[in-house]
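Okay, thanks for coming, everyone. I've got one structure to walk through today, so let me put it up.

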Amino acid sequence: MKATGIMIVTGGSRGIGAATSVLAAQRGFDVCINYHSNKERAQQVAREVESHGRRAMIYQADMANESQIVAMFAAVDSELGRVTALINSAGVNGSIGRVDQLTAADIGRLLQTNVQGTLLCCKEAILRMSPRHGGEGGAIVNLSSAAARLGAAGRNVHYAASKGAIEVITFGLAQEVAGENIRVNAVSPGVIDTEMQDPARMVDIIPKLPMGRAGTAAEVAEALVWLASSQASYVSGTVLNVSGAR
């Protein structure tokens with residue numbers, strides 16, 4: 001059966017990225033699962049994608065490294081074909097603490113991965129999606145965070161700032177490429193129960209959440225895959241909160 005499209009999921013080997021890769025396969029996408037270091041986890045997700053009858057490939061690339069990002073997109077061209085959907089899920093939380101405890105290295109590494117990496121992936125996707133470059137359109141979905149609204153004071157303001165940048169990129173880029181049949185949206189999760197969360201923080205914060213529980217990676221994946229699908233054909237420049245009213 002012909003694929004719905006060809007999707008790249010950055011940070012696709014764990015958490016929200018892994019759930020998105022598998023759900024995308026269920027919805028008919030062939031999937032490239034990007035990973036940073038855990039090849040075994042990426043291979044496991046690839047097997048789940050293939051169990052749904054879709055093609056899968058894994059690719060190691062650091063989202064802070066431009067040459068590795070470029071090489072990943074080229075590899076997808078060769079193995080799966082021209083990408084039609086990009087999920088920018090990869091990101092790092094950064095060091096935890098007040099701004100007056102941060103170093104330039106703390107800030108730089110986080111912005112390189114979360115902001116620069118996202119922009120470079122968008123660039124490579126547009127070079128394949130845009131009719132200016134021989135494409136037929138596509139969808140880009142970026143991962144923001146409720147931290148962009150809440151500020152993350154006393155915890156990781158630099159992370160919140162990076163996610164605020166993601167929302168600006170999303171809106172600006174959506175306008176830039178709207179006439180080229182490319183949609184750009186973002187999903188902003190709240191507290192999601194993944195391995196990136198500090199267990200002690202989860203115990204403290206869950207009773208304070210409006211719904212009294214954390215969200216799941218699968219719930220965020222539903223929003224990401226919907227925005228990447230033709231069902232969201234007139235949705236662009238939007239940030240969809242998946243935060244349980246937080």
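**A helix, a threonine and a cavity**

Let's begin with one residue and its contacts. If you skip the neighbours within four places in sequence, Thr170 touches Asn142, Val184, Asn185, Ala186, Gly237 and Thr238. Keep in mind that this is a predicted model.

So, is Thr170 buried or exposed? Its relative accessibility is 0%, and the cut-off for buried is under 20%, so Thr170 counts as buried. Its side chain has a polar partner, too: a polar atom there sits 2.8 Å from the backbone oxygen of Ile166.

Where does Thr170 sit? In helix α6, which covers residues 157-177. That helix has 21 residues and runs 30 Å from first C-alpha to last, close to the 30 Å you'd expect at 1.5 Å a residue. Thr170 has buried company in α6, including His158, Tyr159, Lys163, Ile166, Ile169 and Leu173. And what do the buried residues of α6 pack against? That would be α4, β5 (138-143), α5 (147-150) and β6 (182-189).

Now, hang on to α4, since we meet that helix again at the cavity. The count is one cavity of 30 Å³ or more, and the space in the largest cavity is about 30 Å³. Around the largest cavity you'll find Thr10, Met63, Asn88, Ser89, Ala90, Thr113, Gly117 and Thr118. Helix α4, residues 104-129, gives the most to that lining, with three residues. By type, the lining has six polar residues, two nonpolar and no charged ones.

That's my bit; over to you for questions.

Note on methods: Residues are numbered from 1 along each chain as its sequence is written. This is a predicted model: local features need pLDDT of at least 70, side-chain atom pairs count only at pLDDT 80 or more; totals for chains, interfaces and linings use all residues. Side-chain values use heavy atoms; hydrogens and water are left out. Helices (H or I, at least four residues) and strands (E, at least two) are DSSP runs, numbered from the N terminus. Buried means under 20% relative accessible area, exposed over 50%, partly exposed in between (1.4 Å probe, protein chains only). A polar contact is a pair of N or O atoms within 3.5 Å; within protein, one must be able to donate a hydrogen and the other to accept it, and residues adjacent in sequence count only if both atoms are side-chain atoms. Contact means heavy atoms within 4.5 Å. On a 1 Å grid over the protein atoms alone, a cavity is a set of points where a 1.4 Å probe fits but cannot get out, and a pocket is an open set with protein on both sides within 12 Å along at least five of seven lines; lining residues have an atom within 4 Å of a point. Grid points are joined across faces, edges and corners, and a volume is the space filled by probe spheres set on the points. Ala, Val, Leu, Ile, Met, Phe, Trp, Tyr, Cys and Pro count as nonpolar, Asp, Glu, Lys and Arg as charged, and the others, Gly among them, as polar. The expected span of a helix is 1.5 Å times one less than its number of residues.
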